[in-house]
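Biologist: Thanks for sitting down with me. Could you walk me through this one, starting from the ligand?

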Amino acid sequence: MTNLAESTTFDVAKIRADFPILNEVVHGKPLVYLDNANTTQKPQQVLDALDHYYRHDNANIHRATHLLSERATRAYEGTRTKVQRLINAAHSREVVFTRGCTDSINLVAQSWARTNLKPGDEILITWMEHHSNIVPWQLVCQQTGATLKVVPITDAGELDLDAFRVLLSERTKLLAMIHVSNSLGTINPVADMIAASQAVGAVTLVDGAQAVPHLPVDVQALGCDFYAFSGHKMYGPTGTGVLYGRQALLEAMPPYQGGGDMIASVTFEKTDYNVLPYKFEAGTPNIAGFVGLGAAVDYLTSLDRDAALEHEDALLAYATERVRTIPGVRIIGEARQKTSVLSFVLDGVHPHDIGTILDAEGIAVRTGQHCAQPVMDRYGVPATVRASVAIYNTRAEIDALVDALDEARILFT
Ligand code: 7TS
C-alpha cells in the first residue's frame with residue numbers, strides 16, 4: 001500500500017491555482033471534482049491557448065498562403081510534435097489526430113481490421129474494456145466474419161493471464177486491450193501481453209484513455225502497433241484525440257474518411273491520397289482544440305510526473321482505506337496494480353441515490369456502468385459509484401467524500 005501521507009514533493013495548492021473551475025460553488029458548497037476519469041478540468045494555460053488562438057490566429061490550416069493560416073498550421077502541427085515526444089513515437093507522421101479515443105479505435109476497426117480480417121480470424125479483447133473497445137470490433141466481426149474472443153478477469157479485477165495464454169493462438173489477428181481500466185482502475189501488463197501477441201503474429205492496439213493522463217507512456221517500449229487516447233481526459237479540450245500507429249501499418253491502410261486535406265490529387269476517375277498522417281485527417285479538424293491540446297501536453301510535461309503520480313496514488317490509497325471503513329461498502333476492483341479509480345457499491349443503496357446525495361454536497365463522482373457493462377455483470381452489480389482522482393485533488397476532498405457517503409448510508413439504510 002502506498003504511503004498515506006500527503007506528498008511533500010508535490011505542491012497541490014500551486015496546481016489548484018491553475019484550474020479556475022475549482023473555485024466553483026455547487027449547491028452552495030465548494031466543488032469537489034472527483035469525476036476525472038470521465039473528463040478532467042482544464043488549466044488556465046489551456047484556456048489561454050484556446051483564447052489566444054481564436055483572438056489572434058484563427059484560420060484554416062494546410063491550405064492558405066496567408067500569415068494567419070501559417071500561424072494556425074504551425075500551432076496545430078506543433079501539437080503533433082509535442083504528442084510525439086509525450087508518447088515517444090518514432091515519427092510525428094505516426095501521430096494521427098482524431099475526435100477522441102473512440103474515433104481512434106473506430107479508425108483502426110474500419111480501416112485496418114475491415115480490410116485485413118476474414119472468417120476464422122479472431123479479435124482478442126478483455127472483459128474490462130470500455131464499450132468503445134468492444135462495439136467497434138463487434139461491427140467489424142459482422143462485416144468480415146471474424147470472431148470476438150474475451151480474456152476473463154479475476155475477482156480482484158485483474159486479467160486472467162492463464163486464460164489469455166489459452167485464448168491467444170495463430171488465429172488471433174488482433175489484440176485490442178485497455179491499458180488502465182476506467183471502471184476498476186487496474187493497470188494491465190500490456191507490454192508482456194503485446195510481446196506474447198506479436199509472437200503469434202497478431203497486431204496490437206492499446207486503449208490508453210486512462211493511462212496517458214497518469215502514467216508515462218512510451219509506445220516504442222510497449223511495442224504496440226496502435227495506441228489510442230483522448231485529449232479531454234488529460235487536461236486538454238474535448239473533441240481531440242490521438243491515434244498512434246506504426247508507420248508501415250498506417251501506410252498500408254486505406255483512408256477512414258474521404259474529403260479535403262486527405263488527398264494529393266482528385267479526378268473523377270481516380271484519387272491519390274495524401275501522405276501520413278493527413279491521409280487520415282479528412283476535412284477541417286478541431287484546430288483550436290489541438291492548439292489547446294498542445295498547451296495541455298506542455299502543462300503535463302512541465303510537472304514532475306513521478307511526483308504527480310505519487311500524489312495521485314497516495315490519494316487513491318487514502319480514499320480506498322477510508323471508504324473501506326464505511327459499513328456495507330464493497331470495493332469493486334482490488335488489483336495489485338491500480339491507479340486513479342475507486343469503484344464501490346454500498347449495501348442497500350442504489351449508486352444513483354448516492355450520486356444525488358454527493359451532488360448536493362458539491363461532490364462530483366460518476367455513478368452507473370461507466371460504459372463497461374460487462375464489468376458490472378461480472379461483479380453482479382447494476383452500477384457502481386466511481387471516484388476518480390487527478391493531480392489537483394486533495395485529502396480534504398477525500399474526507400468530504402467519506403463524510404457525505406456516511407450521510408447517505410445513514411439516510412438510506
Ligand atoms: N476508453 C477508455 C478506457 C475510457 O475510459 C473512455 C472514456 C473511452 C475509451 C472513450 O473515450 P472518449 O473520449 O472517446 O469518449 N471513459 C469514460 C468514463 O470512464 N466515464 O465517462 C467516459
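Biologist: Which residues come nearest to the ligand?

Modeller: Happy to help, and please keep in mind that this is a predicted model. There are 16 residues around the ligand. Of these, the ones that come nearest are T102, D207, S230, R366 and R386.

Biologist: How far is an N or O atom in the side chain of R366 from a nitrogen atom of the ligand?

Modeller: A polar contact here is a pair of N or O atoms within 3.5 Å. R386 places a polar side-chain atom 2.6 Å from a ligand oxygen, and Q210 has a polar side-chain atom 2.7 Å from an oxygen atom of the ligand. For R366, the partner on the ligand is a nitrogen atom, and the distance is 2.6 Å.

Biologist: How much of the ligand's accessible area does the protein cover?

Modeller: Taken on its own, the ligand has 490 Å² of accessible area. With the protein in place, the covered part of that area is 89%.

Biologist: How many residues of the shell around the ligand are polar?

Modeller: Let's sort the shell by class. It has 4 nonpolar residues and 4 charged ones. The polar residues in the shell number 8.

Biologist: Now the overall layout: how far apart are the C-alpha centres of domain 1 and domain 2?

Modeller: Domain 1 is made up of 12–30 + 304–412, while domain 2 covers 47–301. The two are in contact through 32 residues of domain 1 and 29 residues of domain 2. Their C-alpha centres lie apart by 28 Å.

Biologist: What span should helix α11 have, and how far apart are its end C-alpha atoms?

Modeller: Helix α11 runs over residues 305–324, which gives 20 residues. At its start, a side-chain oxygen of D304 comes within 3.2 Å of the backbone nitrogen of D306. At 1.5 Å a residue the helix should span 28 Å, so the prediction agrees with the distance between its end C-alpha atoms, 28 Å.

Biologist: Which residue does a cis peptide bond join to L276?

Modeller: Look in the loop between β12 (271–273) and α10 (287–302). Omega is about -5° at this cis bond, and the partner of L276 is P277.

Biologist: Which residue has a positive phi although it is not a glycine?

Modeller: This one sits in the loop between β9 (226–230) and β10 (241–245). Its phi is about 75°, and the residue is Y235.

Conventions
Residues numbered from 1 in each chain as written. Predicted model: local features only at pLDDT ≥ 70, side-chain atom pairs only at ≥ 80, totals over all residues. Heavy atoms only, no water. Near = heavy atom within 4 Å. Polar contact = N/O pair within 3.5 Å; in protein donor to acceptor, adjacent residues only side chain to side chain. Areas by Shrake-Rupley, 256 points an atom, 1.4 Å probe, with all protein chains shown as cover. Nonpolar A, V, L, I, M, F, W, Y, C, P; charged D, E, K, R; others polar. Helix = DSSP H or I, 4+ residues; strand = E, 2+ residues; numbered from the N terminus. Expected span 1.5 Å × (residues − 1). Domains from an automatic or database assignment. Contact = heavy atoms within 4.5 Å.
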